[in-house]
Amino acid sequence: MAALHQLNMAEEAEENNHDLIEAYTTMIECCQLFGLQTLAKSYLEKALKCCEKVESDVSDLLGYAHFLSVALNFSLHQGDVLQAVNYGKAAIKITEKLHEVPIKLVSMTLLSQAYIASDDFDKSFAILNQISSVAEESDDLRSKAFYQFFAFDAVLDTGLVVDDFEEILQSARKCKEDDVYHFDREERFAMLTCLALWNARKGEWNEVKQLLATIATVVPSHFESYLPAKALCRLVECELLYYQSHPKERTCLNKLDKVNNLFIDKVELSYCLDIY
């Protein structure tokens, strides 16, 4: 209701383009949260029209960059990888001018995912290297952990190691033991599912079971953004691998229905569901 009230006030004012972009961005995020994808797309299109009139002051550009990062997340979740790449590149360009690290970090991590989804691994790894540089410059533990997580995620997707893998693995294990990086629920869910899948592919089922018990405490209530949706695919792949090794057990296949209803990368779905 607060987001809708903000939108109504911004639309009534009309002349304040910055407030309109901010209100439309908030509505896109709210619609995604409740699975209202068509409505989210309509607000995205309205925001794009407002962005044609963006001025060069810092406040307007920050609002524009935030909108682009949200549009990137939305497009990636919808499977529109090409559009996601365009939004990501535009967001990073603006944040570099403004030295706006938080939005830049979010945009880079999602852009690296978009490049992996389009099988452009070289560009994805180039973005990961940029994330590493941002983390080093900011000397922020959370930023460094973000880099290590997405580097780990890239290993699972591509089989290619971009850095010291043992260090990356240790960082993921820290997330299992304690949330030292202050990640939100979705981020921790994503990290733990990556670690569970790594162990599942190695056939270390006792470790997988312990991880699944921890994962059960941080499962998000919604999967309408890219990171938790992809993490759910990871979780399903863990279960499929487990069933492959333990054919008499069938307990969690209801999660397959959730995955089938998500608008996410078809390559990811086919890998998780068809190969088995």
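What follows is a short exchange about a predicted model, its helices, core, pockets and cavities.

Colleague: What makes this an all-helix chain in your description, and how many helices are there?

Modeller: The secondary structure comes to 14 helices and zero strands. From the N terminus on, the elements run α-α-α-α-α-α-α-α-α-α-α-α-α-α. The protein has 276 residues, and buried ones make up 49% of them.

Colleague: What share of the contacts links residues 24 or more positions apart?

Modeller: The share is 61%, counted among contacts with a separation of 6 or more.

Colleague: Take helix H2. How do you know what span to expect from its 17 residues?

Modeller: The expected span is 1.5 Å times one less than the number of residues. For H2, residues 17–33, that comes to 24 Å. The model reaches 25 Å from the first C-alpha to the last, which is close to the expected value.

Colleague: Which residues of H2 are called buried?

Modeller: Buried means under 20% relative accessible area. In H2 the buried residues are Asn17, His18, Leu20, Ile21, Ala23, Tyr24, Thr25, Met27, Ile28, Cys31 and Gln32. Just after H2 comes Gly35, with a positive phi of about 75°.

Colleague: Which other residues have a positive phi, and why single them out?

Modeller: Most residues other than glycine have a negative phi. His99 has a phi near 55° and is not glycine. Asp119 is not glycine either, and its phi is near 60°. His99 sits in the loop between helix H5 (81–98) and H6. Asp119 sits in the loop between H6 and H7.

Colleague: Why is His99 called exposed?

Modeller: The cut-off for exposed is over 50%. His99 has 68% relative accessibility, so His99 counts as exposed. Asp119 has 56%, so Asp119 counts as exposed too.

Colleague: And Asp122, buried or exposed?

Modeller: Its relative accessible area is 65%, and the cut-off is over 50%, so Asp122 is exposed. Asp122 lies in helix H7. Its C-alpha is 9.8 Å from that of Ser112, ten residues apart along the chain.

Colleague: Why is Ser138 called partly exposed?

Modeller: Buried needs under 20% and exposed needs over 50%, with partly exposed in between. Ser138 has 31% relative accessibility, so Ser138 falls in between. Ser138 is in helix H7, residues 121–138. Its C-alpha and that of Val101 are separated by 8.3 Å, with their positions 37 residues apart along the chain.

Colleague: Which members of the largest nonpolar core touch the most others?

Modeller: Phe67 and Phe152 do, in a core of 81 residues. H8 supplies the largest share of this core, ten residues.

Colleague: What does Phe67 contact beyond its neighbours within four places in sequence?

Modeller: Phe67 is in contact with Ile21, Thr25, Ile28, Leu44, Ala47, Leu48 and Cys51. Ile21, Thr25 and Ile28 are also among the buried residues of H2.

Colleague: Now the empty space. What makes one space a cavity and another a pocket?

Modeller: In a cavity the 1.4 Å probe fits but cannot get out, whereas a pocket is open. The structure holds three cavities of 30 Å³ or more. The largest cavity has a volume of about 60 Å³.

Colleague: What lines the largest cavity?

Modeller: Ala145, Gln148, Phe149, Phe152, Ile168, Ser171, Ala172 and Met191 do. H8 gives the most, with four residues. H8 (141–158) and H9 (165–177) each supply at least two. By class, the lining has six nonpolar, two polar and no charged residues.

Colleague: How much space lies in the largest pocket?

Modeller: About 590 Å³. It has 24 lining residues, and the closest to its centre are Glu29, Asn73, Val106, Glu186 and Ser225. Two or more residues come from each of H2, H4 (58–78), H6 (101–117), H8 and H10 (185–201). H6 gives the most, with five. The classes are eleven nonpolar, seven polar and six charged.

Colleague: And which residues lie nearest the centre of the second largest pocket?

Modeller: Lys144, Ala145, Tyr147, Gln148 and Glu167, out of 16 lining residues. The volume is about 270 Å³. H7, H8 and H9 each supply at least two lining residues. The lining divides into six nonpolar, four polar and six charged.

Definitions and conventions:
Residues numbered from 1 in each chain as written. Predicted model: local features only at pLDDT ≥ 70, side-chain atom pairs only at ≥ 80, totals over all residues. Heavy atoms only, no water. 1 Å grid on protein atoms, 1.4 Å probe; cavity = no way out; pocket = protein on both sides within 12 Å on 5 of 7 lines; lining within 4 Å. Points joined across faces, edges and corners; volume = space filled by probe spheres on them. Nonpolar A, V, L, I, M, F, W, Y, C, P; charged D, E, K, R; others polar. Buried < 20%, exposed > 50% of the residue type's maximum accessible area, 1.4 Å probe, protein only. Core = buried A, V, L, I, M, F, W, Y, C linked by side-chain atoms within 4.5 Å. Contact = heavy atoms within 4.5 Å.
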